[in-house]
Amino acid sequence: MTDTTVPPNEPANAQWGGRFAGGPSVIMQDINASIGFDRKLWRQDIRGSRAHAAMLAKIGLLSAEDEAAIGAGLEVIAQEIETGRFAFDVALEDIHMNIEARLTERIGEAGKRLHTARSRNDQVATDFRLWVRDAIDGLSAQIGDTMRALAQRAAEHAADPMPGFTHLQTAQPVTFGHHMLAYVEMLDRDRGRLADCRRRLNVCPLGSAALAGTSFPIDRAMTAAALGFDRPTANSLDAVSDRDFALEFLSAAAISAVHLSRLAEEIVVWCSAPYRFIRLSDAFTTGSSIMPQKRNPDAAELVRAKTGRVTGALVALLTVMKGLPLAYAKDMQEDKEPVFDAAEAWALSLAATAGMVRDMTPDVRGIGLRDGDGSGRLAGASAAAAVPQRASCHRPAGGDGGGARGGPRRVVIDRNAVGRSGDFG
């Protein structure tokens, strides 16, 4: 049986346990610590601390010597973390305390003065906004790259006809290029949602402290500008408890993951023997241990599957936030893992999708139209000839069309007319 108690002489947490006679139980320490995942915020935490120290020095709460020592100490810590030499301590709970403790160990009392006029509440809110903003910038670039891959494929196959589908039944002729550009539109909306999210999150919580600000004469506009924020947050209670930016990010991620999943599903179908619209190379497929003839589109299948993780992350954080009174509550420690996981899955899905699009070889003959694929175009021609559409389309099998009795045969269509209603522009 696991011993969950702490010896009577075990000290309380040095960061907050001044009035506590003993330390937390092992279970309490395990559930309370977040360093296992929030260490991902180390770059943002160091950046925020640099800006905070510069502001404290400007208003006279830090000496120039202390500011210089803090800056140099943080630089060394950044190198230690970057190279894997930093010893993270679960007893220090989170990335903020780990960095502050190491800084104090290196430079002495000046390290402790860094926390002047700052709480972990506004500190983590700032770090997390910075992390999400950085993730948005990276993911927006990836979306753009995927759009370019799709647009290039569309340009290469702008005149190659393929059947358009509704209900997964052949409907009207389009082109392979036109089909590719549909996903460009979806991804463009995804990128727009990220831009909207970035604009709204770009306010700085630093200076809100625990929930009601600080009596120190700090310069919030200075730290906001130094960190690239548009302005300081307007309400301290909201600033430390707001996670709308994370929810918006996850919402954009979930919608985009659904778009990628739809394309992934089509890639899976198009690679299958009944369709053979496209072929993926060995770079994006796997084989079977017992059926050597198979080429499985596993990259597409995994992109399709990761949608569940991304949409699940959104539901998870919505559930965490749904009943929290103002202001901060420890529940919000559970905000980061869903965002980190969703961002990673989204980035990998985008990379895989762009790779598959560039890798795929469309089989122009396999994609080509068969009897019945041009019925929508023929219906349009009938309407132009003043023949009622229902009368022209819904004839008994075996009528003038001949397709039902004659079996599959190629249909000659006007390539210049295919998909004209949504011209590539």
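Which residues form a nonpolar patch on the surface? In this predicted model, the patch consists of Leu211, Leu237 and Leu326. Together they have about 270 Å² of accessible area.

Take Leu326. This residue sits in a loop, between helix H12 (298–321) and helix H13 (336–359). Leu326 counts as exposed because its relative accessibility is 63%, and the cut-off for exposed is over 50%. As a general rule, nonpolar side chains in soluble globular proteins tend to be buried together.

**The whole chain**

The chain has 425 residues, and buried residues make up 44% of them. It holds 17 helices and 6 strands. About 21,300 Å² of the chain is exposed, with carbon and sulfur atoms supplying 53% of that area. Now consider contacts between residues at least 6 apart in sequence. Of these, 77% join residues at least 24 apart.

**The nonpolar cores**

The largest nonpolar core has 83 residues. Within this core, Val132, Phe249, Val339 and Trp346 touch the most other members. Several helices give two or more residues to it, including H3 (42–58), H4 (64–82), H7 (120–156), H12 and H13. Helix H11 provides the largest share, with 16 residues. There is also a second, separate core of 7 residues. Ala51, Leu130, Cys204 and Leu206 are among its members.

**Two residues and their neighbours**

What does Val339 touch, leaving aside residues up to four places away in sequence? Its partners are Phe128, Trp131, Val132, Ala246, Phe249, Leu250 and Leu317. Two of these names, Val132 and Phe249, have already appeared among the core residues that touch the most other members.

Asn121 lies in helix H7. Is Asn121 buried or exposed? It is buried, because its relative accessible area is 17%, and buried means under 20%. A polar atom of the Asn121 side chain lies 2.9 Å from the backbone oxygen of Ala210. The table sets out the contacts of both residues, again without residues up to four places away in sequence.

| Residue | Residues touched |
|---|---|
| Val339 | Phe128, Trp131, Val132, Ala246, Phe249, Leu250, Leu317 |
| Asn121 | Ala209, Ala210, Val240, Tyr328 |

Ala210 thus appears twice for Asn121: in the list of residues touched, and as the owner of the backbone oxygen at 2.9 Å.

Notes. Residues are numbered from 1 along each chain as its sequence is written. This is a predicted model: local features need pLDDT of at least 70, side-chain atom pairs count only at pLDDT 80 or more; totals for chains, interfaces and linings use all residues. Side-chain values use heavy atoms; hydrogens and water are left out. Patches are made of residues with over 30% relative accessible area and no salt bridge: like charges are joined within 9 Å, nonpolar side chains (Val, Leu, Ile, Met, Phe, Trp, Tyr) within 5 Å. Accessible areas come from the Shrake-Rupley method with a 1.4 Å probe; for residues, only the protein chains shown count as cover. A salt bridge is a side-chain nitrogen of Lys or Arg within 4 Å of a carboxyl oxygen of Asp or Glu. Helices (H or I, at least four residues) and strands (E, at least two) are DSSP runs, numbered from the N terminus. Buried means under 20% relative accessible area, exposed over 50%, partly exposed in between (1.4 Å probe, protein chains only). A nonpolar core is a set of buried Ala, Val, Leu, Ile, Met, Phe, Trp, Tyr and Cys residues joined through side-chain atoms within 4.5 Å. Contact means heavy atoms within 4.5 Å. A polar contact is a pair of N or O atoms within 3.5 Å; within protein, one must be able to donate a hydrogen and the other to accept it, and residues adjacent in sequence count only if both atoms are side-chain atoms.
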